[in-house]
Amino acid sequence: LCKNCNSELVDLYCSECGQKNIESFTFTKLVKDFFDNIFSLDSRLFQTLKFLIIRPGYLTNEYWSGKRITYLPPFRLYLLISIVCFGIGSMQLPEIYAILPYVYFFLMPCTALILLILYRKNNSLYFHHFITTLHFHSFMFLMFTFGKLLYFFNKEIPIVSNISNIVTITILIYLFFMLKNIYIETLTKFIIKFVTLICIYIALFFSLIITIGTFVKQL
């Protein structure tokens, strides 16, 4: 029986709770278990970041189809990248980065709702669109982090001085291909929905910045 949930064991890992079956506790097994988990996380993280960067929409489609064990879960990926992004940003612009996590906390579910409305004929659930939103924001925060690090270490290079514009254009191009690879439809319909999404997203972003910023100042 599994020592964690008392379910009957069929293999090395419990089919109910996923705990590994270890008969005896030894230092060697403890060390091996530690490094197995570390290297497993590293390989999954590398694999996830690779596809997140080079194949827009691929991770979302994989997750939708049920292929989830190979990659980091969307929320864990988002949490990991956002902590790094906001941590670095708070050292450079502490005031704005104090409220940005709250802005995106409200913005992300709103974005998923917009996608649900725009693609209501796709027969996809709100959950599906929220996964899309998590993966997109993970890439966006990754680009923010890269841009800030590049600017911090190479301020004197001319192209680096325009890094924010480059990052913004890269994110928009990425979002275009990401949505195109996820939501299959005619190009005309897609462009109309893409522009609509961007306009609503920008309006919501600045509205939340003003609202939350005002609320924080009053505290």
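The largest pocket of this predicted model holds about 830 Å³ of space, where a pocket is an open set of points on a 1 Å grid over the protein atoms alone, with room for a 1.4 Å probe and protein on both sides within 12 Å along at least five of seven lines. Of the 33 residues that line the largest pocket, those closest to its centre are Y104, M140, F144, T168 and I171, a lining residue being one with an atom within 4 Å of a point. The lining divides into 24 nonpolar, eight polar and one charged residues. Its largest share, nine residues, comes from α5, while α4, α5 (126-153), α7 (163-182) and α8 each supply at least two; helices here are DSSP runs (H or I, at least four residues).

Y104 appears again in the largest nonpolar core, where, of 48 residues, Y104, F141 and L179 touch the most other members. Such a core joins buried nonpolar residues (under 20% relative accessible area, 1.4 Å probe) through side-chain atoms within 4.5 Å. The largest share of this core, ten residues, comes from α4.

Helix α4 (residues 94-118) also packs against helix α8 (residues 187-218), at an angle of about 145 degrees and with the axes 9 Å apart; the axes are lines fitted to C-alpha atoms over the stretch in contact, and angles run from 0 to 180 degrees between N-to-C directions. By class, this contact of α4 with α8 has 21 nonpolar, three polar and one charged residues.

Residues are numbered from 1 along each chain as its sequence is written, and side-chain values use heavy atoms, without hydrogens and water. Local features need pLDDT of at least 70 and side-chain atom pairs count only at pLDDT 80 or more, whereas totals for chains, interfaces and linings use all residues.

Key:
Ala, Val, Leu, Ile, Met, Phe, Trp, Tyr, Cys and Pro count as nonpolar, Asp, Glu, Lys and Arg as charged, and the others, Gly among them, as polar. Grid points are joined across faces, edges and corners, and a volume is the space filled by probe spheres set on the points. Buried means under 20% relative accessible area, exposed over 50%, partly exposed in between (1.4 Å probe, protein chains only).
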